[in-house]
Amino acid sequence: MKDSFGREINYLRVSLTDRCNLRCEYCMPGKGVDKLEHGDIMTLEDTYEVIKVFVDLGIDKIRFTGGEPLVRLGIVDLISKVSKLEGVREIAMTTNGILLEKYAKSLKEAGLTRVNISLDTLNKERYRDITRGGDLDKVLNGIKAAKEVGLTPLKINTVLIGGFNDDEIPSLIDLTRDDIDVRFIELMPIGEAAGFAKEKFIPSSRILEAVKDLIPVVAEDKFSPALYYKLPGAKGKVGIINPISCKFCKSCNRVRLTSTGLLKLCLHSNREIDLKKAFENKEDIKKIISDAILTKEEEHHLEDKEYISRNMNQIGG
Ligand code: SAM
Ligand code: SF4
């Protein structure tokens with residue numbers, strides 16, 4: 001399905017929960033989030049039905065995210081059902097990796113294609129601090145388990161934070177020697193990070209300054225928002241994603257569904273369409289979705305607007 005700017009929309013990101021087993025400083029408030037009423041969250045049965053409509057309309061890639069998707073009970077069954085839908089080419093997940101050691105095998109068996117794991121530091125204490133209590137060893141074991149069962153190509157997402165992990169750029173890039181892609185993402189002034197994103201913002205160009213022997217390579221996925229590089233002789237790639245200093249709106253192929261059933265056509269817009277209510281009222285959600293796609297924003301204006309009211313744990317990143 002095409003939007004009104006001729007972009008083919010084939011990628012749906014589904015946030016399954018706004019809850020998380022970590023509290024990353026730039027994402028979630030320290031005390032966690034107010035518990036949503038049970039009725040506010042879309043059931044996994046309804047989520048499946050809505051995904052089915054998206055697939056009918058031409059979505060062929062689905063990514064499950066959150067909050068932390070692996071804290072939502074029933075996720076393995078949902079993936080198993082979605083993987084059987086005709087037309088689904090890829091099912092991916094973005095996770096903090098804490099529960100991955102436990103779930104990797106059953107996720108793979110259910111039909112998950114691959115995982116992106118969020119990891120901002122390789123230092124145990126720093127990891128505990130930025131995530132407010134997380135255990136780095138659990139993530140490293142999760143990465144190992146994901147590789148072993150073949151949830152590959154494995155990608156690590158690292159948010160660049162000034163004064164926190166800018167000195168770790170070379171050691172994080174070293175992970176690519178082991179057939180892992182490492183992608184650096186600029187800190188976005190969203191939700192929790194709205195207050196400090198400006199002062200801790202590091203342009204992703206800093207990566208090329210820190211590691212001089214990176215060689216540009218062509219991305220296999222032409223819609224990927226990352227520019228890719230490689231260390232000589234490394235198996236994995238280094239990705240640089242700069243949503244702020246270099247917009248990728250022109251090739252945006254994605255829309256988002258929140259755990260409360262809201263359709264977001266652009267990560268950086270506050271506009272939302274309530275699919276949960278429409279689904280429960282038995283409205284024609286196929287028409288609602290296809291009409292909505294035609295109203296997808298042409299581009300974001302983060303560089304001058306700077307504050308988006310929802311936190312990333314609610315939207316899914
Ligand atoms: N809990 C999962 C995880 O951490 O991978 C999935 C959800 S999390 C919201 C998705 C991604 O958003 C993570 O890679 C996280 O680092 C990123 N993120 C959260 N807040 C951000 C911000 N203000 N700027 C840039 N990335 C952010
Ligand atoms: Fe949780 Fe992911 Fe947000 Fe960290 S970035 S608090 S792991 S949802």
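The largest cavity in this predicted model holds about 30 Å³ of space. How many cavities of 30 Å³ or more does the structure hold? The count is 1. Its walls are made by Val14, Ser15, Leu16, Met42, Thr47, Arg72, Leu257, Thr258 and Ser259. Sort that lining of the largest cavity by class and you get 4 nonpolar, 4 polar and 1 charged residues.

**A pocket that opens out**

Arg72 turns up again when you look at the second largest pocket. Together with Thr17, Arg19, His38 and Ile41, Arg72 lies nearest the centre of that pocket. The second largest pocket has a volume of about 400 Å³, and 19 residues line it. What kinds of residues are they? The lining of this pocket splits into 6 nonpolar, 4 polar and 9 charged residues.

Which helices each supply at least two residues of that lining? They are helix H1, residues 44-56, and helix H9, residues 275-280. H1 gives the largest share, with 3 residues.

**Helix H2 and what covers it**

Now take a look at helix H2, which runs over residues 75-83. Its buried residues are Ile75, Val76, Leu78, Ile79, Ser80 and Val82. What lies over them? The cover includes H1, E2, strand E3 (90-95) and helix H3 (100-110). A bit of background helps when you trace a helix on screen: an α-helix has 3.6 residues a turn, so residues three or four places apart point the same way. With that in mind, try following Ile75, Leu78, Ile79 and Val82, which are among the buried residues of H2.

**Three buried residues, up close**

Val115 belongs to strand E4, residues 114-118. Is Val115 buried or exposed? Its relative accessibility is 0%, so Val115 counts as buried. Skip the neighbours within four places in sequence, and Val115 is in contact with Met93, Thr95, Leu100, Ala146, Leu151, Pro153, Leu154 and Lys155. For a sense of scale, the C-alpha atoms of Val115 and Lys105 are separated by 12 Å, and these two residues are 10 residues apart along the chain.

Thr176 is a loop residue, placed between helix H6 (169-174) and strand E6 (181-186). Thr176 has a relative accessible area of 0%, so this residue is buried too. Leaving out residues up to four places away in sequence, Thr176 touches Val182, Leu231, Ala234, Lys235, Gly236, Lys237 and Val238.

Asp60 also sits in a loop, the one between H1 and strand E2 (61-65). Why does Asp60 count as buried? Buried means under 20% relative accessible area, and Asp60 comes in at 18%, so it makes the cut. Apart from residues up to four places away in sequence, Asp60 touches Asn10, Gly87, Val88, Arg89 and Glu90.

**Rings and charges**

How many aromatic pairs are there? The count comes to 0. Two rings do have a lysine over them, though, as the table shows.

| Lysine | Ring | Distance from ring centre |
|---|---|---|
| Lys61 | Tyr11 | 4.3 Å |
| Lys237 | Tyr228 | 5.3 Å |

In the second row, the charged end of Lys237 is the part that sits over the ring. You have met Lys237 already, as one of the residues that Thr176 touches.

**Backbone oddities**

Most residues other than glycine have a negative phi, and most peptide bonds are trans. A few spots in this model go the other way.

What kind of peptide bond joins Thr152 and Pro153? The bond is cis, with omega about 0 degrees. Pro153 is in the loop between helix H5 (136-149) and strand E5 (155-160), and Pro153 is also one of the contacts of Val115.

Then there are two residues with a positive phi. Arg132 is not a glycine, yet its phi is about 55 degrees. Arg132 lies in the loop between helix H4 (124-130) and H5. With a relative accessible area of 36%, Arg132 is partly exposed.

Lys282, again not a glycine, has a positive phi of about 55 degrees. Where is Lys282? Look in the loop between H9 and helix H10 (285-293). Its relative accessible area is 74%, so Lys282 is exposed.

Technical notes: Residues are numbered from 1 along each chain as its sequence is written. Chains are lettered from A and ligands numbered from 1 in the order in which they are written. This is a predicted model: local features need pLDDT of at least 70, side-chain atom pairs count only at pLDDT 80 or more; totals for chains, interfaces and linings use all residues. Side-chain values use heavy atoms; hydrogens and water are left out. On a 1 Å grid over the protein atoms alone, a cavity is a set of points where a 1.4 Å probe fits but cannot get out, and a pocket is an open set with protein on both sides within 12 Å along at least five of seven lines; lining residues have an atom within 4 Å of a point. Grid points are joined across faces, edges and corners, and a volume is the space filled by probe spheres set on the points. Helices (H or I, at least four residues) and strands (E, at least two) are DSSP runs, numbered from the N terminus. Ala, Val, Leu, Ile, Met, Phe, Trp, Tyr, Cys and Pro count as nonpolar, Asp, Glu, Lys and Arg as charged, and the others, Gly among them, as polar. Buried means under 20% relative accessible area, exposed over 50%, partly exposed in between (1.4 Å probe, protein chains only). Contact means heavy atoms within 4.5 Å. Rings of Phe, Tyr and Trp (its six-membered ring) pair if their centres lie within 6.5 Å; planes under 30 degrees apart count as stacked, over 60 as edge-to-face and the rest as tilted. A charge sits over a ring if NZ of Lys or CZ of Arg is within 6 Å of the ring centre and within 35 degrees of the ring normal.
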